[in-house]
Amino acid sequence: MTDSNGTAKANPGTTPRPSGAPKPGGPSAHPKPHAVKPAPGPAAQQHPHPVVVPTVTDPSRWGRVDEDGTAWVKTAEGERIVGSWQAGDAAEGLAHFGRRFDDLATEVALLEARLAAGADARKTKAAALALAESLPTAAVIGDIDGLAKRLQAITEHSEEAAAHAKEEKERARHEHTERKEALCAEAEQIAAESTQWKAAGDRLREILDEWKSIRGVDRKVDDALWKRYSKARESFNRRRGAHFAELDRERAAAKARKEELCVRAEELSGSTDWVGTAAVFRDLLTEWKAAGRAPREADESLWRRFKSAQDVFFAARNAAVSERDAEFESNASAKEELLHAYEHIDPAAGLDTARAQLRELQDKWDAIGKVPRERIQELEGKLRSIEKRVRDAVDAQWRRTDPEAVARAAQFREKVAQFEEQAAKAQAAGKQRDAEKALEQAKQWREWAEAAEGAVSNR
C-alpha cells in the first residue's frame, strides 16, 4: 500500500505476495494428509537446506531505515529501497521489515518441507518460481540472496523429486497390481477346488476387504482384475449353491427313507420272535446309518421315533429273557434235586429195578425243561454218569447170556469130541501118525472152546 506520494506505509497486511505463492499459516502452509508420503525420496534427502523456519535476529545486517523513514535492503547487486516507515522510529521500522522477511522465509521453508515430504513437485516448483520472481521487489529486510539460492535449489531438485515420486508411484502401482493378481489367483483356486464351503466363503470376503484397501492400480488393469475376481466369486457361489441344493435333495431322500424305517420298526415293536426280530432290527439300524442325514430337526425327531420302537421291542425281550432265566434257574434247582434223589441207582442190586429207575429219572428230567446255558454241561454230565452205570451193567449181562457165544463154545466142544474119536479109531487101527494128528487138532479146538466158554462166563 502506498500513500499519495508513492511511499510504502507500515501495514503488515500489505506485504507484496507472488501470484500462486502459499499463505503462511493458510491451507497450503501444511500439506494435506493424503499428499504426505511416509518418507522423503532421495532428492529431498539431499536438499542443501534443513527444513526449519529461520528467524532474523539482526535485520540491521541486511538493511537499514533512515531518519526520514526510507527502508533499504542489501543484496549482491547493491542496496535498494523496499519501502517507507512512518509509524514509529527507525528501529521499529527495521524490526517491521525484518518480520516481513521472516514471513517470506517461512514460505520458503514450507516449500522445502513439501518437497522433502514428496508432495506434488510440479506445484512446489511453480510456487518456488513465483516466490523467486517476487524477491527483487519484496518489501523485506533480510538475506534475500540466501532465499534466492534456496528457491533455486527447490526448483532444481523438484524435477528429481518429481521423477522419484513417479518412480515410487509406479513401484507402488506394480506392487498393488501384483497383490491384486495374487488375490485373483487365490480366488480362482478357491472357486475351482475348495469344498470347505464356510472357510472358503469367509476367505473370499476377506479377499474383498483386502481388495478394497489396495489403491493406485491402473483403472483398466483394475477393471480387468475385478472381473476375474467377480467371476471366481460367482463361480464359487454357483458351485456352493449346487452342492447345498444336492445336499437338500439327499437329505429329503434320507428323510423319506428313515420315515419308512420308522414304520417298519413300529410294526416290529410288538413281535415276540425275539431272535428273528432282533436280527431284523440290526439290519434296520444298518440301513438307517446308510440312509444318510435328514434335515437336522427332522433327523433328530425320526431317530427318537425309531429308537422308541426299538426300545419297546428290546424291553419286552429283556423282560421275557429275565422271566425265562428265572425259570431256567428254577429248572436247574429241580434237576439238581432229581439227581440227588436218583444217585443211589445200583444195577448190582437188581438190573431191572435200576433200569426202571433210570427211565423214571429220564422222564422227570425231560419234563422239567431247559436250564441256564452255563449249567447244561454240569447237569447233563451227572445224568450221563448214572446212565452209563446202568448201561454198562446191561451190556455185561447181555454178554453173559449171548446165545451166539454159547452156541459157538458148544460147537468148539463138538469139534474136540470129533477129533478125539478120530484119534481113538486111528490108534485101534494101528495108525499112530493119524492118531497123533487128530489129537493135535482136538487140542487146538479144545483151547478155542475153553476161550469161548471163558468169554461167556466173564461177561
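Thr124 sits in helix H3 of this predicted model. With a relative accessible area of 0%, Thr124 is buried, since anything under 20% falls in that class. Setting aside residues up to four places away in sequence, Thr124 touches Leu111, Arg114, Leu115 and Ile154. Thr124 has company in this respect: Ala121, Ala127, Ala128, Ala130, Leu131 and Ser134 of H3 are buried too. On the other side of these residues' contacts are two helices, as the buried residues of H3 pack against helix H2 (90–117) and helix H4 (144–193).

Right beside Thr124 in the numbering is Lys123, which also belongs to helix H3. Lys123, however, comes out as partly exposed, because its relative accessibility is 48%, between the 20% and 50% limits. Lys123 also has a partner from further along the chain: Ser158 is 35 residues away in sequence, yet the two C-alpha atoms are 9.2 Å apart in space. As for the helix itself, H3 covers residues 121–134, and its 14 residues should span 20 Å at 1.5 Å a residue. The C-alpha atoms at its two ends are indeed 20 Å apart, so the expected and computed spans agree.

Stepping back to the whole chain, there are twelve helices and three strands. The chain has 459 residues, and 34% of them count as buried. Among contacts with a separation of 6 or more, 72% link residues 24 or more positions apart. The chain exposes about 28,200 Å², and carbon and sulfur atoms supply 51% of that area.

One of the strands, S2 (residues 70–75), holds Trp72. Leaving out neighbours within four places in sequence, Trp72 is in contact with a long list of residues: Trp62, Gly63, Arg64, Asp66, Glu79, Arg80, Ile81, Val82 and Ile141. Phe97 lies 25 residues along the chain from Trp72, with 9.6 Å between the two C-alpha atoms.

Back among the helices, H8 (residues 296–342) and H9 (residues 351–368) make a pair whose axes come within 10 Å and cross at roughly 175°. An angle over 145 degrees counts as roughly antiparallel, and therefore H8 and H9 are described that way. From H8, the contact draws on Asn331, Ala334, Lys335, Leu338, Leu339 and Tyr342. The H9 side brings in Gln357, Glu360, Leu361, Lys364, Trp365 and Ile368.

Two glutamates give further examples of residues paired across the sequence. Glu267 is part of helix H6 (residues 219–268). At 63% relative accessibility Glu267 is exposed, because the value is over the 50% limit. Its C-alpha atom is separated by 8.3 Å from that of Ala309, although the two residues are 42 positions apart along the chain. Glu421, in turn, is placed in helix H11 (residues 403–428). Glu421 is partly exposed, with a relative accessible area of 46%. From Glu421 to Ala438 there are 17 residues in sequence and 8.5 Å in space, C-alpha to C-alpha.

Then there are the aromatic rings. A pair of aromatic rings is described by the distance of the centres and the angle of the planes. With ring centres required to lie within 6.5 Å, the count comes to 13 aromatic pairs. One of them joins Phe313 and Phe314, whose ring centres are 4.9 Å apart; their planes stand at 80°, so this pair is edge-to-face. Phe313 itself is buried, with a relative accessibility of 0%. Another pair is formed by Trp445 and Trp448, with ring centres 4.8 Å apart and planes at 80°, so edge-to-face applies here as well.

The two tryptophans share a helix, H12 (residues 432–458), where they are three residues apart, about one turn of the helix. Trp448 is partly exposed, at 41% relative accessible area. Phe313 and Phe314, for their part, belong to an aromatic cluster that also takes in Trp274 and Phe281.

Terms used: Residues numbered from 1 in each chain as written. Predicted model: local features only at pLDDT ≥ 70, side-chain atom pairs only at ≥ 80, totals over all residues. Heavy atoms only, no water. Phe/Tyr/Trp six-rings, centres within 6.5 Å; stacked < 30°, edge-to-face > 60°. Buried < 20%, exposed > 50% of the residue type's maximum accessible area, 1.4 Å probe, protein only. Helix = DSSP H or I, 4+ residues; strand = E, 2+ residues; numbered from the N terminus. Expected span 1.5 Å × (residues − 1). Contact = heavy atoms within 4.5 Å. Areas by Shrake-Rupley, 256 points an atom, 1.4 Å probe, with all protein chains shown as cover. Axes fitted to C-alpha atoms, helices over the stretch in contact; angles between N-to-C directions. Parallel < 35°, antiparallel > 145°, perpendicular 65-115°, else oblique.
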